[in-house]
Amino acid sequence: MFSQASMPSTSTVLSAYTTFAASAMVVKTMLHEVKTMAKQLIPQQLQDKILSGIGRLIGDQSSSQMTLVIDEYNGYAMNQIFEASEIYLQTKISPSVDRLRVSQAPREKNILVTISKGEKVIDLFEGIQLKWEMVSSAEKQLAMGDKGERRSIELSFLKKNMEKVLSSYLPHVVEMSEMIKEENKVVKLHSLGNPQGGAVVGGGAWGCINLDHPSTFETLAMDLNLKEELMKDLDRFVRRRKFYKRVGKAWKRGYLLYGPPGTGKTSLIAAMANYLKFDIYDLELSNLLRNSQLRKILVSTRNRSILVIEDIDCSAELQDRQAGRYNQPNTELTLSGLLNFIDGLWSSCGDERIIVFTTNHKDRLDPALLRPGRMDMHIHMSYCTPYGFKTLASNYLGVSKHRLFPKIERLITEVEVTPAEIAEELMKSEDADVALEGVVEFLMRVKIVGKEVGEEGITGRQDVVVETKRQKIWSGGIEGFDYMPPAPSLSFL
């Protein structure tokens, strides 16, 4: 302890403090001057190396690390870097990983293995060590009312490798993921929300399953020339990226499939998806309440996909454009909103997209929906033709020639029957003779009923006349024939 005699006086303490404060101010000023001169004389890259070296000397490793956060969604749209990273990391799973996600779709051969939340994967690229980590957090409410999880992937590495990671490593990840996707491509069928009512993994609006529909262009019972024309149009579309950019058009194409029920519109959509390896997004307009939801749905679909709106004339009341009601564009689903969805500014948010509308009654659609740029190609799915019958006979019975073919082909040109009705007859027996005899009897019944309907003078819309014919046939209205109506076909959409 200080004695009272040796304790410094107040004036001495104040004088020493003043001297120290002045010295500190001088040192601070000098350091500022040195820092300013260093910025002017030493390149930024060299400064970073010096600071990084000092950080290593004093054991501060965090200052030299950089972490990139890759969110699953960029606004409403899927983040393609996230998708590519998730696919790429499937090839980098090591025994050091403790938790994995394992899944397998129905009728899928391969088991899908991905890293789980919180797990880390180490990768090496051109001498650089990189650490990946899957991060997941709960999300309160999604736009369509489902709860889900918000996922992201974190990529950590030394700051000095930032340029190489962005310019070389991430493009390498994307390229490798594209190769893996092409090799293991499985067409998916997407629907709004989760069909089971649970969480939608990833926080998106769409739930999906594998599309196992076996339809191909080879098995379609449609006009050969129309089939070839459509295939050429699809091929031309997918190879014209530079063309669409050069002429200033969004890289998309619209198709309208119209014709009576049972003529193969759904099968054609599946054949298009299988041919192009494009995912299908099945959109029910009745599930949407506002134009704003329609826009969000559009941007949440991926590139190289087919957006399908079936029975557009029955999906929703879209007469607002004709009635001139524009006072509440964001509080209800309107025809104007649908038109903007198809070819407005929002339609350019994505590449290589196809939009398909189907209808049984083309004449009921607003003409604004039918013009080029919205529905670029109109495809009439007609009643069964002789060529369509031969395709069905080959598919179901494995025969390309038969003594009854000429008679059946002649009858098909005289009546109106759908490919679905012919297919139902062919399924009644595996014996070609028995099945084809049944087709002849069925066509004869249709021909007789057609004459009776004409004699009874039934007039009106064509669909009413056709339905009357069907009712007569299915009710056994032709004497001498016992006929059971075909079971209703199941649609995959």
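**Close-up views of a predicted model**

The protein exposes about 28500 Å², and carbon and sulfur atoms supply 54% of that area. Please keep in mind throughout that this is a predicted model.

**Figure 1. The whole chain, with 17 helices and 15 strands.** Let's start with the overall picture. Of the 493 residues in the protein, 41% are buried. Among contacts with a separation of 6 or more, 70% join residues 24 or more positions apart. The mean pLDDT of the protein is 77, and 70% of the residues reach 70 or more.

**Figure 2. Confidence along the chain, with helix H7 and helix H10 at the two ends of the scale for elements.** Helix H7 (residues 265–276) has the highest mean pLDDT among the elements, 95. The lowest, 46, belongs to helix H10 (residues 320–323). Two stretches deserve a careful eye. Over residues 140–147 pLDDT stays under 50, and the model has 23 contacts beyond four places in sequence for them. Residues 472–493 also stay under 50, with 43 contacts beyond four places in sequence. Where pLDDT is low, the predicted coordinates should not be read in detail.

**Figure 3. Helix H5 (residues 224–238) and its cover.** This helix has 15 residues and reaches 22 Å from its first C-alpha to its last, close to the 21 Å expected at 1.5 Å a residue. Which residues of H5 are buried? They are Leu-226, Lys-227, Leu-230, Met-231, Asp-233, Leu-234 and Phe-237. Seen down the axis of H5, these buried residues fall within an arc of 160°, so they line one face of the helix. Asn-225 and Lys-232 are exposed on the other side of H5. What covers the buried residues includes the helices H6 (241–247), H7 and H13 (386–397), along with the strands E11 (252–258), E14 (353–359) and E15 (377–380). At the N-terminal end, look for Asp-223, which caps H5: a side-chain oxygen lies 3.2 Å from the backbone nitrogen of Asn-225.

**Figure 4. Leu-130 in strand E7 (residues 128–139).** Is Leu-130 buried or exposed? With a relative accessibility of 1%, Leu-130 counts as buried. Not counting residues up to four places away in sequence, Leu-130 touches Val-121, Ile-122, Asp-123, Phe-125, Leu-155, Ser-156, Phe-157, Val-165 and Tyr-169. To follow one of these pairings, compare the C-alpha atoms of Leu-130 and Leu-155: the two residues are 25 apart along the chain, and the atoms are separated by 6.8 Å.

**Figure 5. Asp-279 in strand E12 (residues 279–282) and its polar contacts.** Asp-279 is buried, at a relative accessible area of 8%. A polar atom of its side chain lies 2.9 Å from the backbone nitrogen of Lys-188. The side chain of Asp-279 also makes a polar contact with the side chain of His-190, at 3.2 Å. Beyond four places in sequence, the residues that Asp-279 touches are Lys-185, Val-186, Val-187, Lys-188, His-190, Arg-304, Ser-305 and Ile-306.

**Figure 6. Thr-301 in the loop between helix H8 (291–299) and strand E13 (305–309).** Here is a buried residue in a loop: the relative accessible area of Thr-301 is 5%. What does Thr-301 contact once its neighbours within four places in sequence are left aside? The partners are Trp-206, Tyr-281 and Arg-353.

**Figure 7. Pro-260 in the loop between E11 and H7.** Pro-260 has a relative accessible area of 18% and is buried, as the cut-off for buried is under 20%. Leaving aside neighbours within four places in sequence, Pro-260 is in contact with Lys-265, Asn-360, Met-381 and Tyr-383. The C-alpha atoms of Pro-260 and Ser-382 are separated by 7.2 Å, although the two residues are 122 apart along the chain.

**Figure 8. Helix H15 (residues 419–426), largely enclosed by the rest of the structure.** Why is H15 described as largely enclosed? Six of its eight residues are buried, so the rest of the structure largely encloses the helix. The buried residues to pick out in this view are Pro-419, Glu-421, Ile-422, Ala-423, Glu-425 and Leu-426.

Key
Residues are numbered from 1 along each chain as its sequence is written. This is a predicted model: local features need pLDDT of at least 70, side-chain atom pairs count only at pLDDT 80 or more; totals for chains, interfaces and linings use all residues. Side-chain values use heavy atoms; hydrogens and water are left out. pLDDT is the predictor's confidence in each residue, from 0 to 100. Helices (H or I, at least four residues) and strands (E, at least two) are DSSP runs, numbered from the N terminus. Contact means heavy atoms within 4.5 Å. The expected span of a helix is 1.5 Å times one less than its number of residues. Buried means under 20% relative accessible area, exposed over 50%, partly exposed in between (1.4 Å probe, protein chains only). The arc is that of the directions from the helix axis to the C-beta atoms. A polar contact is a pair of N or O atoms within 3.5 Å; within protein, one must be able to donate a hydrogen and the other to accept it, and residues adjacent in sequence count only if both atoms are side-chain atoms. Accessible areas come from the Shrake-Rupley method with a 1.4 Å probe; for residues, only the protein chains shown count as cover.
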